[in-house]
Amino acid sequence: MTEAGSSQSSVDVGALPCPHWAETTDVPPPLDVCESCIEIGSEWMHLRQCLTCGRTGCCDNSPMRHATAHAKETSHPIIRSAESGEHWAWCYPDEVAFVPGPDGWERVDEE
């Protein structure tokens with residue numbers, strides 16, 4: 001899997017960091033704006049990108065929380081940070097974080 005996610009045709013779900021990675025696809029680079037905030041004239045703090053469809057939305061510290069709203073509305077399970085220098089992803093259903101590892105995304109388990 002690439003850092004941006006990858007198309008998961010006939011992939012062994014057991015080999016993925018969580019089963020929801022099967023729903024990720026190759027997405028274009030994230031936008032540098034929250035599309036929904038632009039539409040309504042709101043501001044955002046940080047940006048996140050949906051790894052199912054590529055939509056860029058604002059984080060939960062932003063007033064409108066568009067990335068989470070998108071995940072709830074669409075059932076798209078995994079986002080990644082769209083911030084420069086940040087390399088992590090989040091699975092909403094499993095409430096688990098991931099970071100890139102030598103063989104793709106790896107789960108960040110709390111000890």
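**Notebook: sheet, aromatics, cysteines**

**Entry 1: overall layout.** I began with the secondary structure, and the chain comes to two helices and six strands. This is a predicted model, so I keep the confidence values beside everything else. Read from the N terminus, the elements run α-β-β-α-β-β-β-β. Mean pLDDT for the chain is 90, with 86% of the residues at 70 or more. The stretch I flagged is residues 1-9, where pLDDT stays under 50. The model still gives residues 1-9 32 contacts beyond four places in sequence.

I also pulled two chain totals. Of the 111 residues, 41% are buried. For contacts between residues at least 6 apart in sequence, 40% join residues at least 24 apart.

**Entry 2: the sheet.** In what order do the six strands sit in the sheet? I get 2-1-3-4-5-6, in an open sheet with antiparallel pairing. The edges are strand 2 (56-58) and strand 6 (104-108), each of which pairs on one side only. Ignoring direction, neighbouring strands are turned by 35° against each other on average.

Next I looked at the strand 6 end. Strand 5 (residues 96-101) runs antiparallel to strand 6, and five bridges join them. I noted one residue pairing there: Phe 98 has Arg 107 in strand 6 as its bridge partner.

At the other edge I checked what packs over strand 2. Helix 2 (residues 66-74) lies across strand 1 (47-50) and strand 2. The angle between helix 2 and strand 2 is about 120°.

**Entry 3: aromatics.** How many aromatic pairs does the structure hold? I find two. In one of them, Trp 21 meets Phe 98 edge-to-face, with 5.4 Å centre to centre and 85° between the planes. Trp 21 sits in the segment before helix 1 (35-40) while Phe 98 is in strand 5, so this pair ties together parts 77 residues apart in sequence. Trp 21 and Phe 98 are both buried.

Why is the pair of Trp 21 and Trp 105 called stacked? The planes are at 25° and the ring centres 5.5 Å apart, and the cut-off for stacked is under 30 degrees. Trp 105 belongs to strand 6 and Trp 21 to the segment before helix 1, so here the tie spans 84 residues in sequence. I looked up burial for these two tryptophans as well: Trp 21 has 0% relative accessibility, and Trp 105 has 6%. Each counts as buried. Put together, Trp 21, Phe 98 and Trp 105 make one aromatic cluster.

**Entry 4: cysteines.** How many disulfides does a search of the whole structure find? Zero. I wanted to know why Cys 37 has no bond. Its closest cysteine sulfur is in Cys 34, at 3.6 Å, which is too far; the cut-off is within 2.5 Å. Cys 59 is in no disulfide either, as the nearest cysteine sulfur, in Cys 58, is 6.6 Å away.

Are Cys 37 and Cys 59 buried or exposed? Cys 37 is buried, at 0% relative accessibility. Cys 59 is buried too, with a relative accessible area of 3%.

Note on methods: Residues are numbered from 1 along each chain as its sequence is written. This is a predicted model: local features need pLDDT of at least 70, side-chain atom pairs count only at pLDDT 80 or more; totals for chains, interfaces and linings use all residues. Side-chain values use heavy atoms; hydrogens and water are left out. Buried means under 20% relative accessible area, exposed over 50%, partly exposed in between (1.4 Å probe, protein chains only). Two strands pair if DSSP finds at least two bridges between them. Helices (H or I, at least four residues) and strands (E, at least two) are DSSP runs, numbered from the N terminus. Axes are lines fitted to C-alpha atoms, for helices over the stretch in contact, and angles run from 0 to 180 degrees between N-to-C directions. Contact means heavy atoms within 4.5 Å. pLDDT is the predictor's confidence in each residue, from 0 to 100. Rings of Phe, Tyr and Trp (its six-membered ring) pair if their centres lie within 6.5 Å; planes under 30 degrees apart count as stacked, over 60 as edge-to-face and the rest as tilted.
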